[in-house]
Structure formats: C-alpha cells, structure tokens
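Hello,

Here is the structure we talked about handing over. My notes on the nonpolar cores and the salt bridges follow below.

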Amino acid sequence: MTKNNTIAAIATPNTVGSVAMIRLSGDDALLIAGKVFVPFSGAATGRPLASELRGYTAAYGKIVECGSESEAIDDGVLLVFRAPKSYTGENVAEITCHGGTFVARRVLQACLNAGAVLAAPGEFTKRAVMNGKMTLTQAESVLDVINAVSDQYLACANAQKSGSLARRIDEIAERVLGVSAHIAAWLDYPEEGLDSFETASHMGQLTECQLQLSLLAKSYDIARVMREGIVTAIVGKPNAGKSTLMNLLTGRERSIVTDIPGTTRDVVEETVILREAGGAVLRLCDCAGIRETDDVIEQKGIELMRCQIEGSSLILAVFDNSRKLNEDDYALMNLIAKSNAHTVCVINKSDLPQRIDLAVLSTQFKQVVQISAKHPESLSVVAAVIGKVCDVNALDLSAGFVANERQRACVAEAERLLGECIAGLEGGAPLDATGFLLENALEALYRLSGKRASAEIINEVFRSFCVGK
C-alpha cells in the first residue's frame, strides 16, 4: 500500500434514487470522514466526533466541505467499521446521503478534497482479498451475486461466496500435495528407509482427484446456462401456435397472434425466468413458420429460423393437433434431427379435434407434451417438461461450481496434468517426472484459489468489477 492508501467511491448505482452511499477504506478513512461529516449530536454535547465513533456505530449529521462546516452539502448518516472487522479488513466509513446523482458526486468530491483518492474498479473487494478477508474465488462470486437473474443462481452464488469452491479446491490440492510430498521424500531421502512408493495407493488418490476436477469442469456449462440463459427456439409451421406459446411463456403479448399465415417474419426474442421449471432462464426466440413461400421477406425469416435451430440449446417444436402432418412438418423434423439441441415436441390446440398422427411424433421425439397454449394452465405442463429436459437442478449448491473462464482454464489444466501423471505411473515413467507434473497441477489449483495468483491475474479479475465494489 502507498502512504495515501485511503480510497473513496460512490458505491450505489449512478442514477437518481432515494439514497446514495459513498464508501471510504484505508488507514485514514475515519479521519477523512470526520473532516466531511459533522454529527448533530457532536462535541457540544460531549459525544464522540465522527472519527472517534466505535466500530459498527452510526451517526446522523451534516455533510460539509472540509473547512466549511457552516455550509452543508447535505444531511445523512455515517456508518463506521474499524479494522480488521470490515469488508476490506481496513478502517471503513460509509456516508449515506440523498440519492441525487449530483449530490452524491458532490459528497465524493468532498472526500477526495479531504485526502482520499478515487478507487479503481473492484478495489474494495480486491483489498478484501489482499487482506485475507476472502479468497479470490469468493471475490469472483460477488459479481455472480450482483448479476444473478434467478433464485437458483443466487443461491449458488451465495454458496460460492461462503467458500464452497475454495474448500473443494483446497481438499483436492491437499490430496495432490500429499502424493507429491511422498514422491519428493522417497526421491530425496532414500537412505531414511522410507516405505517404497506404493503406486496403486497413490494412483487411487490421483484418480479420485481427477474425477472431482472433471465434475467441476462440467459444472461450468451448467452454471453458464443458469447465468446466461438457455437459448430456446420456438419453431413450427405457420399458425401452429408458436407465438401463442411465446406469449404463454412470457406472460404477456410479446408476439403478434393472428390467423394469417406468415405473421411472424423475424425472430422475436425475450428472456424469461421460468419459476415453474425450477427457475430456468430461457432466452426465447419465436421464429418464422416453416413453409414454401414466394414472399422474399418471409423467406429471409425462414432462413433465420434455420440458423436459430443450429444455434439453440433447446428447441420447442410446435405442431397443430387439428391438422395432419404435411411436408412442412417433416422438413422441420429433418432440420431438428440434424441439431444437437434438446427438443420438446409441443402438440398445440389439444382442445380441438385431433387430426395429427401422434404415433409419428412419438417416434421422432423423446419428449412430447399436449397443450392448448391459449389456456394459462398449460404453462405448468410445458414448464415441467422443460425443467426435466434441461436438468436445471443438476448443480449442487453446497459443492461449489466453476463460474467463469479463468476458473475453467485452471481446472482444465489441473485435470490434464493429473491425467498425464496417472498415465505416466501406469506406464512406468520416472517418479521425478511424475512429481514435476504434480507440482504443475498444484500451481494451477493455487492460481484458481488465489494462493499463488500473480498481480496480473488479480488485476484482470477485478477489472470487470464496478467502481465502488
């Protein structure tokens, strides 16, 4: 830390609201807060000044420019946290004022004029990591909490913030370290009469560690889907009920519904949280209906639909219960068969007389559901199938998960190195080569947790944080 290590920033969104909060952290945080905040029940009553308040104490007073106590910028509340019992592990002061953007900037400027320096993005959380208040993976989970879009992902992010991933990585690293230490001792001190290196026993340890890393690697894709949403294409021929299904899932009239074929000519997109499907986040795309047409604009819409099928993770294929299957339906089924997406066959208009061949659809699709999309009660039926297909509850909240590309790369590297180590032991490779691979695997795990992360890695992590966090 530099001599002037007290930082300040606005910690609330840069918009008009009921209140705004300016946060200070560093050795002189309370001293600077005392220069700009004057408690109404201050020295005149024999009570402590702002800089003398005990930790976890709040005071109401006026906010002033340093040296100009007669003219108030605003009135507000000061909250004090004394080191090391604070978010950053340093002295922290939080000044809450009225929520206008101008007044918040004015209070921040007063703090800067009193001796603070403007905080860099994520610097408060970075200091918490540097001061041992949290691990690097816990710090990264702060962003996941902020960006959570569903109850399930918020619960996962909070588990991560409590250290679930850090603990899991530490357990794996400890087992790898044990094998590595045994190899080093056996190589370096043969004269001590140590037991011979038991390859089978240590192979079991390393195999289990590799399995745990493999499971963690798989959690990345699940977490990404939970965070970013499942790209979902709603497809079918014109007037099958695609737009009606879109409106059912979104809970509002998002797509235009008419009896005129070809009404939807572009891809209509909407993101929804489907609580009935375990909180799955769907990035819905209502596509143009597939059919032969001479309309140039509609043809472009159909081509976009084909591209959307290729780029989607989930396809809701809508068929009209009241119409027989025709060449357009079969063309759609052929397109879907070429994709790698999960697919749900939605037979719509179940309230009308059945003319569709259910047997054909049952052979083409594993998941078939019959509904009338214009009836609200159909939502729970579709959602239940979507939840089953997407397996949105597959993530163990208590076990930790890989949340971002940095973490995924570290896990992948450690898993690969353990695989090479196991193959070497099976092939009779020299133990010193095996030990070298284990040391590199440990380095990857320590970079993940932040125990041996370089300044460049740490700076990169916090570059995506907002100022004030």
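A salt bridge here is a side-chain nitrogen of Lys or Arg within 4 Å of a carboxyl oxygen of Asp or Glu. Please keep in mind that this is a predicted model.

Glu413 and Arg447 meet that rule, with N to O at 2.4 Å. Their salt bridge links distant parts of the chain, since Glu413 sits in helix H13 and Arg447 in helix H14, 34 residues apart. Glu413 is partly exposed at 25% relative accessibility, and Arg447 is partly exposed as well, at 22%; buried would mean under 20%.

Helix H13 also holds a salt bridge within itself: Arg416 and Glu420, both in that helix, lie 4 residues apart, about one turn. The N to O distance for Arg416 and Glu420 is 2.8 Å. Arg416 has a relative accessible area of 44% and counts as partly exposed; Glu420, at 36%, is partly exposed too. Elsewhere, Glu90, Glu123 and Arg127 are joined into one network by salt bridges that share partners.

By this rule, the count for the model is 14 salt bridges. Another of them pairs Lys374 with Asp351, whose closest N and O atoms are 3.5 Å apart. Lys374 is in the loop between strand E13 (368–370) and helix H12 (378–390), and Asp351 is in the loop between strand E12 (342–348) and helix H11 (358–364), so this salt bridge ties together parts 23 residues apart in sequence. Is Lys374 buried or exposed? At 58% relative accessibility, Lys374 counts as exposed, while Asp351, at 38%, is partly exposed.

Now the nonpolar cores. The largest has 31 residues, and the members that touch the most others in it are Leu206, Leu213, Leu216, Leu418 and Leu438. Two or more residues each come from helix H6 (164–188), helix H7 (199–228), helix H13 (405–426) and helix H14 (431–449). Helix H14 contributes the most, 9 residues. Helices H13 and H14 are thus named twice in these notes: they give residues to this core, and the salt bridge of Glu413 and Arg447 runs from one to the other.

What does Leu438 touch, leaving aside residues up to four places away in sequence? Its contacts are Val176, Val179, Ser180, Ile183, Leu206, Leu418 and Cys421. Apart from this core lies another, of 28 residues, with Phe37, Leu53, Cys97 and Cys111 among them.

Regards

Methods. Residues numbered from 1 in each chain as written. Predicted model: local features only at pLDDT ≥ 70, side-chain atom pairs only at ≥ 80, totals over all residues. Heavy atoms only, no water. Core = buried A, V, L, I, M, F, W, Y, C linked by side-chain atoms within 4.5 Å. Buried < 20%, exposed > 50% of the residue type's maximum accessible area, 1.4 Å probe, protein only. Contact = heavy atoms within 4.5 Å.
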